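Here is a quick walk through one protein chain, feature by feature. Have the sequence and the 3D view open as you read.

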Amino acid sequence: MVLNDNSQVRDVYDAVADPTRRKLLQILADVDELPLHEITVHFDMGRTAVSKHLSILKDADLVVARKVGRETRYRLNANPLKEIRDWVSFYEGFWKERIDKLKLLLEEE
């Protein structure tokens, strides 16, 4: 979890819950960094809406912004996604174990 300037807690799960923000992360994963106007062309919404989504991702430390002259460039910071990976991997093991037990039961019959 990350505290933003308004002292609100923004966790990584909240940040990636929205499909638009997941698409933003995917776009940024394929490049070093992009300015807002190059990101916006991938969406059916205006720059302000995309900027709000980027702000939420920044609050969760998933996106880093860098000023270059008058424009802001954005890049992915994938480190916080490890929390999700770890959480999901626990349940992958859980389900694998259950499926293995089911296979054994079916083989016994």
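## G93 and its stretch of helix

G93 sits in helix α5. Bear in mind that we're looking at a predicted model. With a relative accessible area of 36%, G93 falls in the partly exposed class. Try picking out D59 as well: 34 residues separate G93 and D59 along the sequence, and their C-alpha atoms are 31 Å apart.

## More of α5: a patch and a salt bridge

Helix α5 covers residues 81-108, and W87 is part of it. What does W87 help to make on the surface? Together with V88, F90, Y91, W95 and I99, W87 makes a nonpolar surface patch of about 650 Å². W87 itself comes out as partly exposed, at 48% relative accessible area.

The same helix also has a charged pair to look at: K101 and E97 are four residues apart in α5, so about one helical turn separates them. Their side chains form a salt bridge, with 3.4 Å between the closest N and O atoms. K101 is partly exposed at 45% relative accessibility, and E97 is partly exposed too, at 39%.

## Helix α2 and its two faces

Now swing over to helix α2, residues 19-29. Which residues of α2 are buried? They are T20, R21, L24, L25, I27 and L28. Why do they count as being on the same side of the helix? These residues cover an arc of only 160° around the axis, and that puts them on the same side of α2. Turn to the face that points away from the buried side and you'll find the exposed residues P19 and Q26.

What does the buried side pack against? Quite a list: the helices α1 (12-16), α3 (36-40) and α4 (47-59), plus the strands β3 (34-35), β4 (63-68) and β5 (71-76). At the N-terminal end, α2 is capped by D18, which places a side-chain oxygen 2.8 Å from the backbone nitrogen of T20.

## H53, looking back at α2

Helix α4 is one of the elements that the buried residues of α2 pack against, and H53 lies in α4. Is H53 buried or exposed? It is buried, with a relative accessible area of 15%.

Leaving aside neighbours within four places in sequence, H53 is in contact with D18, T20, R21, L24 and M45. Some of those names should ring a bell: T20, R21 and L24 are among the buried residues of α2, and D18 is the residue that caps the helix.

## The salt-bridge network

How many salt bridges does the structure hold? There are seven. E33, R66, E71 and R73 are linked in a network of them, so let's take E33 as the place to start.

E33 meets R66 in a salt bridge with an N to O distance of 2.3 Å. Because R66 lies in strand β4 and E33 in the loop between α2 and β3, the pair ties together parts that are 33 residues apart in sequence. E33 also forms a salt bridge with R73, where the closest N and O atoms are 3.8 Å apart. R73 is in strand β5, so this pair joins parts of the chain that are 40 residues apart in sequence. As for cover, E33 counts as buried at 18% relative accessibility, whereas R66 is partly exposed at 43% and R73 is partly exposed at 26%.

## T72, next along the strand

Finish with T72, found in strand β5. T72 and E33 are 39 residues apart along the chain, with 9.8 Å between their C-alpha atoms.

Which residues does T72 touch, leaving aside its neighbours within four places in sequence? T72 is in contact with L34, P35, L36, A65, R66 and K67. R66 is thus a contact of T72 as well as a salt-bridge partner of E33. With K67, the side chain of T72 makes a polar contact of 3.4 Å.

Conventions. Residues numbered from 1 in each chain as written. Predicted model: local features only at pLDDT ≥ 70, side-chain atom pairs only at ≥ 80, totals over all residues. Heavy atoms only, no water. Patch = residues over 30% accessible without salt bridge, like charges linked within 9 Å, V, L, I, M, F, W, Y side chains within 5 Å. Areas by Shrake-Rupley, 256 points an atom, 1.4 Å probe, with all protein chains shown as cover. Salt bridge = Lys/Arg side-chain N within 4 Å of Asp/Glu carboxyl O. Buried < 20%, exposed > 50% of the residue type's maximum accessible area, 1.4 Å probe, protein only. Arc of directions from axis to C-beta. Contact = heavy atoms within 4.5 Å. Polar contact = N/O pair within 3.5 Å; in protein donor to acceptor, adjacent residues only side chain to side chain.
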